[in-house]
Amino acid sequence: AEITVDDQPDRLTLTIHDHGPGIPPTELERVFEPFYRLENSRSRDTGGTGLGLSIARNIARAHGGELILRNHSAGGLEAVLDIPR
């Protein structure tokens, strides 16, 4: 994974890009729903509860920012956290 930091006087944007398979476009928003888990084959003992992205987005928004996921055109997934200063 690569991390890019765009440090502006009024905003800070962190972008994390991995080289995995990405997420189906129809799932990009659903993964932010509480308790939603993309991969059903994982057990709760090893795969978490499906709360992490929901909590992270709520924290970002509480600070006036945003957290989004998007598939990268060259493959992989990008998570973008954009927060105001």
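Which exposed residues does the face of helix 2 turned away from its buried side carry? Keep that in mind as we go round.

First, some ground rules. This is a predicted model, where local features need pLDDT of at least 70 and side-chain atom pairs count only at pLDDT 80 or more, while totals for chains, interfaces and linings use all residues. Residues are numbered from 1 along each chain as its sequence is written, and side-chain values use heavy atoms, leaving out hydrogens and water.

Start with the sheet. Select its four strands (DSSP runs of E, at least two residues, numbered from the N terminus). They form an open, antiparallel sheet in the order 1-2-4-3, where pairing takes at least two DSSP bridges between two strands. At the edges sit strand 1 (2-7) and strand 3 (66-71), each pairing on one side only.

Next, select strand 4 (residues 77-84), which is joined to strand 3 by six bridges. Click Asn71 and you will find its bridge partner, Leu77, in strand 4.

Now show helix 2 (residues 52-62), lying across strand 3 and strand 4; a helix here is a DSSP run of H or I, at least four residues. Colour Ser54, Arg57 and Ala60, the buried residues of helix 2 (buried: under 20% relative accessible area; exposed: over 50%; 1.4 Å probe, protein chains only). Looking down the axis of helix 2, these residues fall within an arc of 130 degrees, so they line one face of the helix. They pack against strand 3 and strand 4 (contact: heavy atoms within 4.5 Å).

Turn to the face away from that buried side: the exposed residues there are Gly52 and Ala62.

Last stop: Gly64, just after helix 2, has a positive phi of about 80 degrees.

How values were computed: Axes are lines fitted to C-alpha atoms, for helices over the stretch in contact, and angles run from 0 to 180 degrees between N-to-C directions. The arc is that of the directions from the helix axis to the C-beta atoms.
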